[in-house]
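Biologist: I should like to go through this model with you, one local feature at a time. Please give the reasoning before each answer.

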Amino acid sequence: MENILKSYVAQKGLMSLAEFMQICLSHPTHGYYMRSDVFGKQGDFTTAPEINQMFGEIIGLWLVDCMAKLPHEPEFNLIELGPGRGTLMADILRSMAKFKGKAKVNIHMVEISPKLTEMQRKKLAKFEPNIHWHKDLDELKSAINSAPCIFLANEFFDALPIAQYEFLDDQWFERMVGEKAGKIVPTLSMKPAQPNLPDILKNRAADGAIFEDSPASLYYLDKILAILKTNQGIALIIDYGHDGHGFGDTLQAVKNHEYAKIFENLGSQDITAHVNFTALTERAQAQNIVANPVVTQAKFLNDLGIGLRAQMLIRKNPDKKLEISEALNRLVAEDEMGNLFKVMALHYFDHKDIKSQFTPAGFGLE
Ligand SMILES: C[S@@+](CC[C@H](N)C(=O)[O-])C[C@H]1O[C@@H](n2cnc3c(N)ncnc32)[C@H](O)[C@@H]1O
């Protein structure tokens with residue numbers, strides 16, 4: 001990976017942070033996500049579905065509720081973005097099977113990594129043989145039929161590249177990546193930049209302030225919104241991040257379940273950034289897509305009854321009481337994932353009975 005980055009820098013002079021992230025995570029042969037050993041205890045990080053089956057089961061219930069609120073729809077496309085090991089979809093399919101409604105559900109997975117695709121195929125074959133895989137949203141768009149779409153994206157947006165800008169001497173400069181003494185290092189562009197600051201942040205930066213944006217996230221979001229507009233449907237986006245514009249550096253690297261230095265272990269550690277849910281909301285609203293106020297993962301899972309589900313699981317498996325209680329705590333406690341992770345629902349339905357009243361479960365009043 002280091003040589004790939006060096007030859008890129010040699011050709012271009014410097015590369016943007018977004019290009020650096022893109023190559024480190026998604027290079028077709030050496031990118032981090034091309035490996036199969038990144039998740040879980042043996043890997044580098046654990047996501048919510050990998051913590052416990054309750055997470056996927058609750059999302060499955062959310063889906064059943066969503067479909068029940070759209071009773072006139074005979075068919076749906078259920079689309080997962082960045083499905084990792086396939087655990088979330090496996091738990092969803094298991095829980096949805098118990099509440100099978102009349103609607104037909106076509107399942108589509110969008111996954112950039114061939115190794116993870118293979119892992120997902122193996123895991124899901126026993127639940128549902130008829131699942132379709134796509135490497136990107138363009139491929140998905142040409143494969144789906146005209147049924148309403150339900151998108152799920154858990155820890156997908158945090159993996160998309162970001163740009164960073166630093167405010168120095170009254171000017172913004174983009175943070176770049178170059179080579180120094182044979183090492184890949186962070187540096188600043190010499191040329192002043194004009195980042196796309198939201199109005200609320202204009203003329204408010206102090207010296208040394210960092211501004212982040214993620215054109216890649218908006219690029220993916222636009223493709224999702226376009227599909228919602230033609231097919232109708234809803235997108236459930238779960239990730240860690242903030243609701244509200246601000247300054248700050250949220251780029252982070254994780255290896256072996258610990259924070260690591262961004263410019264080390266190139267291609268063999270996860271690099272992510274917090275998702276700016278306000279930027280996603282504003283983008284959706286500008287396109288007349290309804291965005292429910294973003295809620296915390298704790299509120300969403302608690303509203304949907306994760307506490308009760310945990311009690312049921314403990315009753316059935318008393319020997320696993322500690323494990324289940326700890327998992328519940330990790331998912332909803334304020335000092336664990338409960339507050340940092342946010343849940344967003346974006347939807348577009350033009351059916352006259354549904355357009356204005358549709359509130360997905362978990363997004364109601366406290
Ligand atoms: C942090 S993992 C999350 C996995 C899973 N959703 C979970 O919660 O366990 C990110 C996932 O997104 C995939 N991914 C990253 N960038 C992608 C892209 N541009 N297009 C499609 N999949 C992508 C990765 O290969 C991986 O499956």
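Biologist: Does Asn265 count as buried, exposed or partly exposed?

Modeller: Please bear in mind that this is a predicted model. A residue is buried with 20 or more other C-beta atoms within 10 Å and exposed with 12 or fewer. Asn265 has 19 C-beta neighbours inside 10 Å, and therefore counts as partly exposed.

Biologist: Where does Asn265 lie, and what is its phi?

Modeller: Asn265 is placed in the loop between β12 and β13. Although Asn265 is not a glycine, its phi is positive, at about 50°.

Biologist: Asn256 also interests me; is Asn256 buried or exposed?

Modeller: Asn256 belongs to the loop between β11 and β12, and its phi is positive, near 50°, in a residue other than glycine. The cut-off for an exposed residue is 12 or fewer C-beta neighbours within 10 Å. Asn256 has 11 such neighbours inside 10 Å, so it counts as exposed.

Biologist: Which strands stand at the edges of the sheet that contains β11, β12 and β13?

Modeller: The sheet is open, and its three strands follow the order β12-β11-β13 with antiparallel pairing. A strand with a single partner has one side without a neighbour in the sheet, so the edges are taken by β12 (258–260) and β13 (270–272).

Biologist: What is the average twist from one strand to the next in that sheet?

Modeller: The strands concerned are arranged in the order β12-β11-β13. From one strand to the next, the twist averages 40°.

Biologist: Which residue of β13 is the bridge partner of Gln252?

Modeller: Strand β11 (residues 252–255) pairs with β13 in the antiparallel sense, over three bridges. In β13, Gln252 has as its bridge partner Thr272.

Biologist: Turning to β6, which residue takes a positive phi in the hairpin of β6 and β7?

Modeller: β6 and strand β7 (residues 171–180) are antiparallel and share four bridges; Phe167, for instance, has Trp172 of β7 as its bridge partner. Two residues lie between the strands of this hairpin, and the positive phi, near 50°, belongs to Asp169.

Biologist: Which residue of β9 is the bridge partner of Glu166?

Modeller: Strand β6 (residues 163–168) is also joined to strand β9 (residues 210–213), by four bridges in an antiparallel arrangement. The partner of Glu166 in β9 is Ile210.

Biologist: Within what arc do the buried residues of α12 fall?

Modeller: Helix α12 (residues 321–332) has twelve residues and spans 17 Å from its first C-alpha to its last, close to the expected 16 Å. Its buried residues are Ile324, Ala327, Leu328, Leu331 and Val332. Seen down the axis of α12, these residues line one face of the helix, because they fall within an arc of 110°.

Biologist: Against which helices do those buried residues of α12 pack?

Modeller: The residues in question include Leu328 and Leu331. The helices they pack against are α3 (48–51), α4 (53–68), α10 (297–303), α11 (306–316) and α13 (334–340).

Biologist: Which element gives the largest share of the largest nonpolar core?

Modeller: In soluble globular proteins, nonpolar side chains tend to be buried together. The core here has 98 residues, of which Ile150, Phe151, Ala235, Leu236 and Leu331 touch the most other members. The largest share, nine residues, comes from α4.

Biologist: Finally, how far apart in space are Phe39 and Arg85, C-alpha to C-alpha?

Modeller: Phe39 sits in the loop between α2 (17–26) and α3. Beyond its neighbours within four places in sequence, Phe39 is in contact with several residues, among them Gly84 and Arg85. Phe39 and Arg85 are 46 residues apart in sequence, and their C-alpha atoms are separated in space by 7.7 Å.

Terms used:
Residues numbered from 1 in each chain as written. Predicted model: local features only at pLDDT ≥ 70, side-chain atom pairs only at ≥ 80, totals over all residues. Expected span 1.5 Å × (residues − 1). Arc of directions from axis to C-beta. Contact = placed C-beta atoms within 7 Å. Pairing = 2+ DSSP bridges. Axes fitted to C-alpha atoms, helices over the stretch in contact; angles between N-to-C directions. Core = buried A, V, L, I, M, F, W, Y, C linked by C-beta atoms within 7 Å.
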